[in-house]
Amino acid sequence: MTEEVQPGSHESTAPTATHEVRNEATPERADAPLHATRQLLNHARTEMGRVISGQTEVIDEVLMTLLCQGHLLLEGVPGIAKTLIVKAVGRLLGLSFHRVQGTPDLMPADILGTTILNLNQAQGSSSFSFHAGAVFTDLLLVDEINRMPPRTQAALLECMEERQVTIDGVRRPLPQNFTVFATQNPVDFEGTYPLPEAQLDRFLLKTRVPYPSESDERHILELHLAASGALLLDAVHITPIADGLLDAARQEVRTIRIEPELLTYILALVRRTRDWPTLTLGASPRAALSLMRVAQAVAALEDRSYLVPDDVKRALQPVLRHRVRLKPEAELEGFDPDRILGDIISAVPVPRA
């Protein structure tokens, strides 16, 4: 089942290392203003706040995903606005949006598209035409991706990695802004198909969507009460961003300066996961690239034109938590990826400014 909407319609909890860290800019390296990124962040937080109460960190990680042109895996129990956040982002950016509901009987052609035989009985002729699937959009929301069978999950690999679809030997490019937002329920395992490591590695970030605070939850009730029974996105107007603002912000993120010592720090963190005693699978070179890119986005959202160690620390858990695998005995002892990644942050020396 698919749904289409056309355009127009942190702080880290990880322990910190005891080594000295300096995050302030030095006089000879003045901070260049990042006008587009700051404008995008302020506008997004204001407009998203009209329909989303709280979840500031989640919204920031959605923006990081878009700024880095990656894909996002959202994990959380049902009913905490995962779908609403993605729909609201589509309205905010003025991008097309499709939604696919993951089910055990969903086939690859249901989301990629298929070639259809057209018969013209009057002329006695026939022809083939391509019927585009849900992936031919800017923002693709795959609800409960772990309920799709492995064959259908694998159909997304080429889309996510190369932003194209190959059907009947014909390569069909996807839109420039094609982004996959996938959700999964962490407490429901019956009738699910866990994502393989290769699929997980294609997601730039894995974001955990928490329950709202009491005050935020009360605000949610007030928002829906004011909507008078209408759908919240229909009752509240979200002003789209200016044309070209997202592309300008992406360009600013790519210019964030990274000193050689910070590259060494990123590599040390990633490589440490490969020999950590409670992990059976460490992070790949793709993970190191993702960590570097997301750390740049963190710095940009902090309105800095250069990278500091805290940017890398903040990015580490959402970038790596789905890319490492724990030993069974570590899971029995109550460890989780975030806790282990926090220990790795503490174990790796922080470069001095």
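**Notes on a predicted model**

1. Let's start with some charges: Glu 75, Lys 206, Arg 208, Arg 321 and Asp 338 are joined up in a network of salt bridges. Keep in mind while you look at it that this is a predicted model. Searching the whole structure turns up 22 salt bridges.

2. Zoom in on one pair from that network. Glu 75 makes a salt bridge with Lys 206, and their closest N and O atoms are 3.1 Å apart. Glu 75 belongs to strand β2 and Lys 206 to strand β10 (residues 205-208), so the pair ties together parts that are 131 residues apart in sequence. Are these two buried or exposed? Glu 75 is buried, at 13% relative accessible area, and Lys 206 also counts as buried, at 10%.

3. Two other salt bridges are worth clicking on. Arg 147 pairs with Glu 144, with 3.2 Å between the closest N and O atoms. Here Arg 147 counts as buried at 17% relative accessibility, while Glu 144 is partly exposed at 25%. Arg 257 pairs with Glu 259, with the closest N and O atoms 3.1 Å apart, and Arg 257 is partly exposed at 31%.

4. Now find strand β9 (residues 179-184). 6 of its 6 residues are buried, so the strand is largely enclosed by the rest of the structure. In a regular strand, side chains alternate between the two faces of the sheet. You can see this in β9: Thr 179, Phe 181 and Thr 183 point one way, and Val 180, Ala 182 and Gln 184 point the other way.

5. Which strands pair with β9? Strand β2 (residues 72-75) pairs with β9 in the parallel sense over 4 bridges, and strand β6 (residues 139-143) pairs with β9 in the parallel sense over 4 bridges too. Phe 181 is a handy landmark in β9: Leu 72 stands opposite Phe 181, and so does Leu 141.

6. Just before β9, look at Asn 177, in the loop between β8 (170-173) and β9. Asn 177 counts as buried, at 16% relative accessibility, because the cut-off for buried is under 20%. Leaving aside neighbours within four places in sequence, Asn 177 is in contact with Leu 95, Asp 138, Leu 139, Leu 246 and Arg 250.

7. On to the greasy parts. In soluble globular proteins, nonpolar side chains tend to be buried together. The largest nonpolar core in this model has 82 residues, and Leu 93, Val 294 and Val 312 touch the most other members. Helix α11 (residues 285-301) gives the most to this core, with 10 residues. A second, separate core has 24 residues, including Val 100, Leu 106, Cys 159 and Phe 178. Back in the largest core, Leu 93 is in contact with Leu 40, Leu 66, Ile 241 and Leu 246, leaving aside neighbours within four places in sequence.

8. Some nonpolar residues are on the outside, though. Leu 117, Leu 119 and Phe 128 form a nonpolar patch on the surface, with about 370 Å² of accessible area together. Leu 119 sits in strand β4 (residues 113-120) and is exposed, at 64% relative accessible area.

9. Last, a backbone check. Most residues other than glycine have a negative phi. Gln 69 has a positive phi near 55°; this residue is in the loop between α2 (56-67) and β2 and counts as partly exposed at 26%. Asp 303 has a positive phi as well, about 65°. Asp 303 is in the loop between α11 and α12 (309-320) and is partly exposed at 28%.

Conventions
Residues numbered from 1 in each chain as written. Predicted model: local features only at pLDDT ≥ 70, side-chain atom pairs only at ≥ 80, totals over all residues. Heavy atoms only, no water. Patch = residues over 30% accessible without salt bridge, like charges linked within 9 Å, V, L, I, M, F, W, Y side chains within 5 Å. Areas by Shrake-Rupley, 256 points an atom, 1.4 Å probe, with all protein chains shown as cover. Salt bridge = Lys/Arg side-chain N within 4 Å of Asp/Glu carboxyl O. Helix = DSSP H or I, 4+ residues; strand = E, 2+ residues; numbered from the N terminus. Buried < 20%, exposed > 50% of the residue type's maximum accessible area, 1.4 Å probe, protein only. Pairing = 2+ DSSP bridges. Core = buried A, V, L, I, M, F, W, Y, C linked by side-chain atoms within 4.5 Å. Contact = heavy atoms within 4.5 Å.
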